[in-house]
Amino acid sequence: MQTLTILKPDAVEAGLVGKIVAHLEEAGFTIRASRMIQLSGAEAKAFYEVHKERPFYEALVRYMTSGPCIPMVLERDDAVGHLREVIGATDPAEAAPGTVRKLYAESKERNVIHASDSAENAVKEIDFFFSRAELERLWGDSGR
Ligand code: CMP
């Protein structure tokens with residue numbers, strides 16, 4: 001099973017990419033695809049469209065476009081549920097000890113990492129950043 005993560009701009013800026021990727025690999029995830037990108041405003045708005053009525057939407061779009069980020073396709077059994085456990089609660093103050101956000105995030109607004117919240121959204125979010133053809137070129141099949 002696959003899920004989508006994004007190492008957010010604060011993670012890239014703080015030089016935390018290596019540590020977070022090591023944490024994810026040690027948690028049993030295989031990296032199936034990865035790329036550094038600069039999200040445009042329109043892309044960030046589209047990706048977070050579910051939050052468009054929320055008071056933090058504009059700040060979220062500003063944060064996600066503030067610098068490069070790294071979307072990645074991760075694979076393991078129960079990838080969606082497991083990744084959410086490994087990254088911890090949205091707010092690092094509430095995240096369990098040893099989770100990525102507890103270890104590395106500064107606030108619930110700037111929380112270093114994204115994870116898909118359901119199997120259905122994982123497929124949509126992977127499609128947002130990566131084409132099936134691209135995954136097939138890498139691995140012989142897209143894993144989906
Ligand atoms: P994530 O859960 O990955 O997706 C929604 C993001 O909105 C969240 O991470 C935070 O980066 C951001 N955010 C900003 N403010 C809030 C808030 N008050 N509650 C939840 N998420 C917030």
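Reader: Of the 144 residues of the protein chain, what percentage count as buried?
Author: The model is a predicted one. A residue counts as buried when its relative accessible area is under 20%. By that cut-off, the buried share of the 144 residues in the protein chain is 45%.

Reader: What radius of gyration does the protein chain have, and how does that stand against the globule rule?
Author: The protein chain holds eight helices and four strands. Its C-alpha trace spans about 40 × 35 × 25 Å along the principal axes. For 144 residues the globule rule gives 15 Å, and the chain comes close to that, so it is as compact as a globular protein of that length, with a radius of gyration of 14 Å.

Reader: Which pattern of helices and strands does the protein chain follow along the sequence?
Author: There are eight helices and four strands to place. Read along the sequence, they give the pattern β-α-α-β-α-α-β-α-α-β-α-α.

Reader: What share of the contacts with a separation of 6 or more comes from residues 24 or more positions apart?
Author: Contact here means heavy atoms within 4.5 Å. Among contacts in the protein chain with a separation of 6 or more, the part due to residues 24 or more positions apart is 72%.

Reader: In what order do the strands of the sheet lie, and which are the edge strands?
Author: The sheet is open, has four strands and pairs them in antiparallel fashion, in the order 2-3-1-4. A strand at the edge pairs on one side only, and this holds for strand 2 (30–34) and strand 4 (113–115).

Reader: By what angle are neighbouring strands of this sheet turned against each other on average?
Author: The sheet in question is the open one with the order 2-3-1-4. With direction ignored, the average turn between its neighbouring strands is 30°.

Reader: Which residue in strand 3 stands opposite Ile-31?
Author: Strand 2 and strand 3 (residues 70–75) run antiparallel and are joined by four bridges. Opposite Ile-31, in strand 3, stands Leu-74.

Reader: Which helix lies across the four strands, and at about what angle does it run to strand 1?
Author: The strands crossed are strand 1 (2–7), strand 2, strand 3 and strand 4, and the helix is helix 2 (residues 17–26). The angle between helix 2 and strand 1 is about 160°.

Reader: Is Ala-11 buried or exposed, and which residues is it in contact with beyond its neighbours within four places in sequence?
Author: Ala-11 sits in helix 1 (residues 9–13). With a relative accessible area of 0%, Ala-11 is buried. Its C-alpha atom is separated by 8.1 Å from that of Tyr-104, 93 residues apart along the chain. Leaving aside neighbours within four places, the contacts of Ala-11 are Leu-16, Val-17, Ile-20 and Val-112.

Reader: Near what value is phi of Val-112, and is the residue buried or exposed?
Author: Val-112 belongs to the loop between helix 6 (100–104) and strand 4. Its phi is positive although the residue is not glycine, with a value near 60°. At 2% relative accessibility, Val-112 is buried.

Reader: Where is Asp-78, and near what value is its phi?
Author: Asp-78 is found in the loop between strand 3 and helix 5 (79–87). Its relative accessibility of 46% makes it partly exposed. Asp-78 is a residue other than glycine with a positive phi, near 45°.

Reader: Why does the pair of Phe-47 and Tyr-48 count as edge-to-face?
Author: The whole structure has four aromatic pairs. In the pair of Phe-47 and Tyr-48 the ring centres are 5.0 Å apart. Planes over 60 degrees apart count as edge-to-face. The two planes stand at 85°, so the pair is edge-to-face.

Reader: How many residues apart in sequence are the parts tied together by Phe-47 and Phe-128?
Author: Phe-47 and Phe-128 form an edge-to-face pair, 5.3 Å centre to centre with 70° between the planes. Phe-47 counts as buried at 11% relative accessibility, whereas Phe-128 is partly exposed at 35%. Because Phe-47 lies in helix 3 (residues 41–47) and Phe-128 in helix 7 (residues 119–129), the pair ties together parts whose separation in residues is 81.

Reader: Over which ring does the charged end of Arg-32 sit?
Author: A charge counts as over a ring only within 6 Å of the ring centre. The charged end of Arg-32 is 4.4 Å from the centre of the ring it sits over, that of Trp-139.

Methods
Residues are numbered from 1 along each chain as its sequence is written. This is a predicted model: local features need pLDDT of at least 70, side-chain atom pairs count only at pLDDT 80 or more; totals for chains, interfaces and linings use all residues. Side-chain values use heavy atoms; hydrogens and water are left out. Rings of Phe, Tyr and Trp (its six-membered ring) pair if their centres lie within 6.5 Å; planes under 30 degrees apart count as stacked, over 60 as edge-to-face and the rest as tilted. Helices (H or I, at least four residues) and strands (E, at least two) are DSSP runs, numbered from the N terminus. Buried means under 20% relative accessible area, exposed over 50%, partly exposed in between (1.4 Å probe, protein chains only). A charge sits over a ring if NZ of Lys or CZ of Arg is within 6 Å of the ring centre and within 35 degrees of the ring normal. Two strands pair if DSSP finds at least two bridges between them. Axes are lines fitted to C-alpha atoms, for helices over the stretch in contact, and angles run from 0 to 180 degrees between N-to-C directions. The radius of gyration is taken over C-alpha atoms; the globule rule is 2.2 Å times the number of residues to the power 0.38.
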